[in-house]
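Colleague: Could you take me through one part of this model in some detail? I would like to hear about the largest pocket and what lines it.

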Amino acid sequence: MEFLFRFHGKPCFARGELVGLSGKAKSGKTFVCSILMALCFRNEVLSMTRIEPRKLHVLWYDTEQSDESTKDILCQRICQMTGIQPSQFPADEFNVFNVRQKPVAERLPMLEAAVRYRHPDLVILDGIRDLVNDINDGVVAQNVVERLMHLASECHCAMVCVLHRNK
């Protein structure tokens, strides 16, 4: 397997695989994703290191945040972690898609098209639940997971799927 990062010396986040990140509200899921995105531009952030010497291409697909929240995370968190000024952020290596306003039925096909077109090394899917109308429909949920697994494998990228736990 080809890994993107190391955590305390152990490889993690393999290309062609899905990684699940789950937790309650305000438990740090977006912060962890911010660290991963910053690692694509820096060699080391906290106790994690990037394995490849070159910068990695990131695709951040956000189904939940408002445009303002997405911009705030990008400018206030990721830019600070990388040391890159917001005005100099490399948009060609960091693609941001905020699809909260899009109908649920359009979100998965749009993600598939974006990944196939942009060829990212790392995909952050913040809000996998928002790709379906009813997360409790096991058949539909399984179909989405299978499509995402195929996409990650076909496009040779690591895909981090954030699942927000609710009561």
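Modeller: Happy to; here is a walk around the largest pocket and its lining. This is a predicted model, in which local features need pLDDT of at least 70, side-chain atom pairs count only at pLDDT 80 or more, and totals for chains, interfaces and linings use all residues. Residues are numbered from 1 along each chain as its sequence is written, and side-chain values use heavy atoms, with hydrogens and water left out.

The largest pocket has a volume of about 270 Å³. A pocket here is an open set of points on a 1 Å grid over the protein atoms alone, where a 1.4 Å probe fits, with protein on both sides within 12 Å along at least five of seven lines. The volume is the space filled by probe spheres set on the points, which are joined across faces, edges and corners.

Its lining residues, those with an atom within 4 Å of a point, are Ala25, Lys26, Ser27, Gly28, Lys29, Thr30, Phe31, Gln65, Ile73, Arg77 and His164. Helix 1 (29–39) gives the largest share, three residues, and helix 2 (67–82) also supplies at least two; helices are DSSP runs (H or I, at least four residues), numbered from the N terminus.

By character, the lining divides into three nonpolar, five polar and three charged residues. In this scheme Ala, Val, Leu, Ile, Met, Phe, Trp, Tyr, Cys and Pro count as nonpolar, Asp, Glu, Lys and Arg as charged, and the others, Gly among them, as polar.
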